[in-house]
Amino acid sequence: MLPSQPLLHAAVFALAVLQALASDTFTAAVYEHAVILPDATGEPVSPDDALALMNKNMDVLEGAIKEAAQQGAHIIVTPEDGIYGWRFTRGTIYPYLEDIPDPVVNWIPCTDPTRFAPAPVQERLSCMARNNSIYVVANIGDKKPCNSSDAGCPSDGRYQYNTDVVFDPEGKLVARYHKYNLFMSETQFNYPKEPEAVTFETPFGKFGIFTCFDILFREPAVVLVSELQVDTVLFPTAWMNVLPFLTAVEFHSAWAMGMGVNFLAANTHYTSMSMTGSGIYAPDGARTYYYNMKTEDGRLLIAELDSHPRLSPASPPAVNWSSYALSVERFSPNDHDFRGCIFYDWFTFTEVTKPEWNLTVCQKDLCCHLSYKVAEKQEDEVYVLGAFDGLHVVEGQYYLQICTLLKCKSTDLNTCGQPVETAQTKFETFSLSGTFGTNYVFPEVLYSGVQLAPGEFEVLNDGRLISKTRPTKPVVTVTLFGRWYEKD
């Protein structure tokens with residue numbers, strides 16, 4: 001039976017809408033900022049001195065925002081701590097804070113700056129967005145008074161929050177996010193009583209936002225993607241690189257692929273604290289990225305993205321991360337497994353010794369399988385296959401399952417797991433998989449010189465991370481980084 005004419009028209013219209021959405025794109029920008037820091041002091045500075053420091057940083061950010069807008073960007077993300085830096089106690093940061101209202105107030109600070117308490121930073125950010133017709137994402141500090149009727153009220157009578165704000169092209173405040181998962185050194189801030197899941201709609205998709213350390217936890221990061229179905233995540237960060245798995249460009253690119261969203265990561269640039277690494281990432285890989293430990297320069301990155309990546313033909317298929325690994329037996333018993341430490345976590349390692357081989361290494365419930373063929377082996381370089389299945393408990397508590405092929409720092413096996421940035425050994429093929437108990441697994445391939453490998457590897461729907469082509473550069477690490485949120 002043929003469908004009725006109205007139903008046919010409705011079906012055709014719906015298909016056309018879906019096709020239009022699938023082909024929609026937008027231009028995104030992120031700016032890695034070499035932050036001008038305040039002088040270290042044990043006493044609070046005056047509000048005027050605090051604003052003077054913030055204006056110096058905003059002068060730089062404004063130049064980047066103007067350039068991004070001139071190149072057609074619709075949105076720009078700037079870094080965490082990008083306006084006032086760090087080096088604060090709870091008392092010394094206070095002059096830098098403003099009262100940031102809930103966006104439901106429908107406020108354009110640029111045109112109505114006196115509607116709320118003095119807010120010169122919000123006013124200037126609003127004007128940057130309005131004058132350049134671009135969404136502006138920035139990280140500032142929020143202050144909220146409280147009193148003894150609130151059992152959680154700090155002794156100084158106020159809450160202080162690490163806060164992201166978003167202004168639309170008219171300069172209106174459209175989003176405010178209070179960071180929930182504070183890094184251990186952020187004693188100047190409070191975290192909100194409940195995690196916030198902040199989203200906002202744009203003409204080019206649904207956006208969510210969170211900050212730096214939040215990415216390693218279910219709330220708000222996974223909630224935004226899995227439950228609220230955002231298309232793009234905005235990510236101001238002050239990321240200190242930790243090789244071999246938590247280098248900014250490597251992990252952020254992997255997170256975008258693992259979660260199936262666009263990811264706009266803007267890092268601060270401060271090489272003495274290993275802070276660098278920004279990028280614009282899509283589910284199918286990095287569109288552009290920047291990693292520079294040699295100079296103190298900032299960098300503007302611009303790239304085009306699909307507005308609705310889940311509808312894109314390039315969107316990777318759903319993955320059953322343990323399917324392949326559970327279907328195979330251990331390739332070979334290992335009589336020479338040994339322990340090694342990576343970022344305070346004790347891995348089980350086995351050495352990669354042959355030019356072509358199948359290997360398995362296990363720890364607790366996780367077995368990691370590797371098939372590989374070496375193209376050009378350097379005799380003074382050692383690689384190992386490693387597995388970690390356990391609770392990480394250093395700067396936070398979170399449960400990890402990790403399978404990794406990595407280069408050791410030297411031929412001494414005791415150095416396996418120590419930071420390495422360069423390699424000379426090239427692989428012809430590799431395939432890595434694991435018996436993961438979680439569906440949240442992030443695929444990483446890092447080449448020599450902290451370079452990504454866009455287009456050179458893929459994840460099959462049975463959970464294998466494989467080389468798509470012969471790798472063009474020496475390999476530092478190939479990793480499946482799993483987060484088992486339910487076990488935290």
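This is a short walk through one protein model, from its six-stranded sheet to its salt bridges. Keep in mind that the model is predicted.

Okay, the sheet. It's an open one, six strands, and the order reads S6-S7-S8-S9-S10-S11, with mixed pairing. At the edges you've got S6, residues 198-202, and S11, residues 285-290, and each of those pairs on one side only. From one strand to the next the twist averages 15°.

Let's go into the middle of that. S7, residues 205-209, runs parallel to S8, residues 232-237, and three bridges join them. If you want a spot to click on, Gly-208 has Val-233 in S8 as its bridge partner. Then S8 and S9 are also parallel, this time over six bridges, and there Thr-232 is partnered with Asn-262 in S9.

So how many of the six residues of S9 are buried? Six of the six, so the strand is largely enclosed by the rest of the structure. Asn-262, Leu-264 and Ala-266 point one way, Phe-263, Ala-265 and Asn-267 point the other way, and all are buried.

Now the helices around the sheet. H5, residues 248-259, lies across S8, S9, S10 and S11, and runs at about 20° to S10. H4 is residues 218-227, and its buried residues are Pro-220, Ala-221, Val-222, Val-223, Leu-224 and Val-225. Those pack against S5, S6, S7, S8 and also H5. Right at the ends of H4's range, Arg-218 and Glu-227 meet in a side-chain salt bridge, 2.5 Å from N to O. Arg-218 is partly exposed at 34% relative accessible area, and Glu-227 is partly exposed too, at 48%. After the helix comes Gln-229, with a positive phi near 55°.

On to the other salt bridges; the structure holds 14. One is Glu-80 with Lys-179, at 3.0 Å. That pair links distant parts of the chain: Glu-80 is in the loop between S2 and H3, Lys-179 is in the loop between S5 and S6, and they're 99 residues apart. Both of them are buried.

Another is Arg-90 with Asp-156, at 2.6 Å. Arg-90 lies in the loop between S2 and H3, and Asp-156 in the loop between S3 and S4, so this pair ties together parts that are 66 residues apart in sequence. Arg-90 counts as buried, because its relative accessibility is 19% and the cut-off is under 20%. Asp-156, at 31%, is partly exposed. There's a network as well, with Asp-59, Glu-62 and Arg-124 linked by salt bridges.

Then there's a charged residue that goes without. Asp-345, in strand S14, is buried yet has no salt bridge, and the nearest side chain of opposite charge, Lys-364, is 9.8 Å away. So what does the Asp-345 side chain make a polar contact with? The side chain of His-392, at 2.8 Å. Leaving out residues up to four places away in sequence, Asp-345 touches Gly-340, Phe-388, His-392 and Leu-400.

Last stop, Ile-342, which is in strand S13, residues 338-342. Ile-342 is buried, with a relative accessible area of 2%. Beyond its neighbours within four places in sequence, Ile-342 is in contact with Pro-244, Phe-245, Phe-347, Phe-349, Leu-406 and Gly-417. And its C-alpha is 14 Å from that of Val-476, with the two positions 134 residues apart along the chain.

Technical notes: Residues numbered from 1 in each chain as written. Predicted model: local features only at pLDDT ≥ 70, side-chain atom pairs only at ≥ 80, totals over all residues. Heavy atoms only, no water. Pairing = 2+ DSSP bridges. Helix = DSSP H or I, 4+ residues; strand = E, 2+ residues; numbered from the N terminus. Axes fitted to C-alpha atoms, helices over the stretch in contact; angles between N-to-C directions. Contact = heavy atoms within 4.5 Å. Buried < 20%, exposed > 50% of the residue type's maximum accessible area, 1.4 Å probe, protein only. Lys, Arg positive; Asp, Glu negative; His and termini not counted. Salt bridge = Lys/Arg side-chain N within 4 Å of Asp/Glu carboxyl O. Polar contact = N/O pair within 3.5 Å; in protein donor to acceptor, adjacent residues only side chain to side chain.
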